[in-house]
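Please walk me through this model in the viewer. Tell me what to select at each stop and what is there.

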Amino acid sequence: MPADEGSLRARIAARPGGGEALREAAEARAQRVARYNAGLCICDDENGSAGCPKHDPVEDEYTLETRPWRTLVEIRTIDLRRGRFYVELPGWISDEPIVLDLNVLTDEQVASALRQDGRLHARVNTGAEHAGDLTFSDWEP
Ligand SMILES: [Zn+2]
């Protein structure tokens, strides 16, 4: 497997202190999910933020694991032969690489903006724990 198809997690784990950083990231995520599910504040700043169950309660079907957020999507590798591409989400760490079918880019403008090491935006449920649970929608070039 080429290095750039490996997971972000594997690359972080290979760094000095990487294992500890991963444990801390997993712990922070678990605490955030628990606070969200308990209806407690999850804001990063004291002014409140969209989607916080305390400051911006929403009555919808979402959990923190399924709620979509507008997210920066970093394009890593484009595999035209297999019809797929690999992406990373800043600050989101998983055991598995994130692999998407090129067919998800149905918008012509978005598809033509796809470049190796480029960036797109999409609405992504970044509270998901596993790469296979991520959903991408509303792509923007
Ligand atoms: Zn809040």
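Start with A25. This is a predicted model, and A25 counts as partly exposed because 15 C-beta neighbours lie inside 10 Å. A residue needs 20 or more to be buried, and 12 or fewer would make it exposed. Show the cartoon around it: A25 sits in helix α2, residues 18-37.

Now add V99 and draw a distance between the C-alpha atoms. A25 and V99 are 74 residues apart along the chain. Their C-alpha atoms are separated by 22 Å.

Next, select the sheet. Five strands make it up, and the sheet is open. Step across in the order β3-β2-β1-β4-β5; the pairing is antiparallel. At the edges are β3 (98-101) and β5 (136-140), each pairing on one side only. From one strand to the next, the twist averages 45°.

Zoom in on β2, residues 84-88, and β3. These strands run antiparallel, joined by four bridges. Select F85: opposite F85, in β3, stands L100.

Then color the largest nonpolar core. Its ten residues are V73, F85, Y86, V87, L89, I98, L120, A122, V124 and L134. Two or more residues come from each of β2 and β4 (119-124). In soluble globular proteins, nonpolar side chains tend to be buried together.

Last stop: V87. Which residues is V87 in contact with, leaving aside neighbours within four places in sequence? Select V73, E74, I75, R76, I98 and L100: these are the contacts of V87. Two residues in that selection, V73 and I98, also belong to the core along with V87.

Methods: Residues numbered from 1 in each chain as written. Predicted model: local features only at pLDDT ≥ 70, side-chain atom pairs only at ≥ 80, totals over all residues. Pairing = 2+ DSSP bridges. Axes fitted to C-alpha atoms, helices over the stretch in contact; angles between N-to-C directions. Core = buried A, V, L, I, M, F, W, Y, C linked by C-beta atoms within 7 Å. Contact = placed C-beta atoms within 7 Å.
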